[in-house]
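Please open the model in your viewer and keep the selection panel at hand. The tour goes from a sheet to a group of charged side chains.

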Amino acid sequence: MERILDIAEAIAHEKGLAPEKVLEALKTAFIQTAKRVIDRNFAFEAQVDDITKSINIIQTITVVADEDDNLKDEELAPQFISITDAREYDDQVELGDQLQIEHKLEDHGRTGASQLHREIEFHVQRLVEDELFNKYKSKVGTLVSGRVTRVDAQQSTYIEVDEVRAVLPMKSRIKGETFQVGDHIKAVVRRVNMDKENGIQIELSRTSPKFLEALLELEVPEISDGTVIVEKSARIPGERAKIALISTHPQVDAVGATVGVKGVRINAVSEELIGENIDCIEYTAIPELFISRTMSPAIISHVEIIKNEEGENEKAIITLPADQKSKAIGKSGINIRLASMLTGMNIELIETDNTTNEETGEIEEAKDGVDALEALFN
């Protein structure tokens, strides 16, 4: 048991933990061992001796009144002593004082040593898991990368990320992509759980809009330094995405900076997303204007916002020419779905019939042409 503090420092250095936290874990291990090998109903304290660099196990017995209910409880009674009995040992004791009895785990031989070893291993491991849990909990929504170590029968991909193993479920993979052992892939941390049986569990995603945002931040310096902000994003993974951008600098074009020269930046992100088309839109706080931009490439005539009882924007009624309706809806409804996801509103389309006006214009144009020919030959 000697020089246990040196062992605590060695463990802290090896595991990358704070020495004070390791020491607390060791003290807990000593207390739990004492409860197992001495008496589980005793109250123990673990006291550090800085001179010998050891941890001492002290049994504490609290002095209480003679009629205290704790003395009648079979489990709690060993932790307390009546003031009358206590004064038989020391006539100076008062209520609330503690009598202390030192115990040595060495006296319990191999049983005590093996139990202490198991307890230290358990509590240090829990400390490591707690540190990892807090570390990756703060990384939810951020980009990580790692090497594929296994793909199971359910097509869940297990990835080695630094010191932990994370899982990328099939539902969180982009449609059509497959991985093999040894592949290096990027993903965002979607969820972090702590399970008593399996320890820390980290779930990754490549279908989340956060993954798109993280890739843009990696590829576009103006986004990583905060000059351009991704205000909103929406994806249908592997097919198409829309991102709303805003510039914090008057001389920086948010859309141009994100797309890059000849589309080099946005194409690099699209390639990582298995060819996903990405529409870049300039964000505005004016809802009607923002909705009209999200409906691109369709040309919109008018937007009316319908509010709910709480005064929140609930629905957008869009008026547009008949020949723009297919563009507004998009293939399999993808354009209007993304616009709805990006704005957070239901979208209703209303066509305007301008056929008559167009035909009239064509007739008038034709009549002018005939008159001009007659004038020329006459």
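In this predicted model, begin by selecting Ala316, which stands opposite Ile347 in β15. Widen the selection to the whole of strand β14 (residues 313–321), which runs parallel to β15 and is joined to it by seven bridges. Adding β13 completes an open sheet of three strands in the order β13-β14-β15, whose pairing is mixed. Since β13 (302–307) and β15 (346–352) are the edge strands, each with a single partner, one side of each is left without a neighbour in the sheet. From one strand to the next, the twist averages 20°. Now show helix α9 (residues 287–294), which lies across β13 and β14 and runs at about 120° to β13.

Next, turn to the salt bridges, of which a search of the whole structure finds 19. Select Arg206 and Glu177, whose side chains meet in one of them at 2.9 Å, N to O. This pair links distant parts of the chain, with Arg206 in the loop between β9 (199–205) and α5 (209–219) and Glu177 in the loop between β7 (164–168) and β8 (184–195), 29 residues apart. Add Glu272, whose side chain meets that of Arg206 in a salt bridge of 3.0 Å, N to O; here the partners are 66 residues apart, Glu272 being in helix α8 (residues 264–272). Glu177, Arg206 and Glu272 are thus linked in a network of salt bridges. Which of these residues is partly exposed? Glu272 is, with a relative accessible area of 24%, whereas both Arg206 and Glu177 are buried.

Finally, select Asp279 and Lys242, which form a salt bridge with their closest N and O atoms 3.2 Å apart. Asp279 lies in strand β12 (residues 277–282) and Lys242 in strand β11 (residues 240–247), so the pair ties together parts that are 37 residues apart in sequence. Both Asp279 and Lys242 are buried.

Conventions
Residues numbered from 1 in each chain as written. Predicted model: local features only at pLDDT ≥ 70, side-chain atom pairs only at ≥ 80, totals over all residues. Heavy atoms only, no water. Pairing = 2+ DSSP bridges. Helix = DSSP H or I, 4+ residues; strand = E, 2+ residues; numbered from the N terminus. Axes fitted to C-alpha atoms, helices over the stretch in contact; angles between N-to-C directions. Contact = heavy atoms within 4.5 Å. Salt bridge = Lys/Arg side-chain N within 4 Å of Asp/Glu carboxyl O. Buried < 20%, exposed > 50% of the residue type's maximum accessible area, 1.4 Å probe, protein only.
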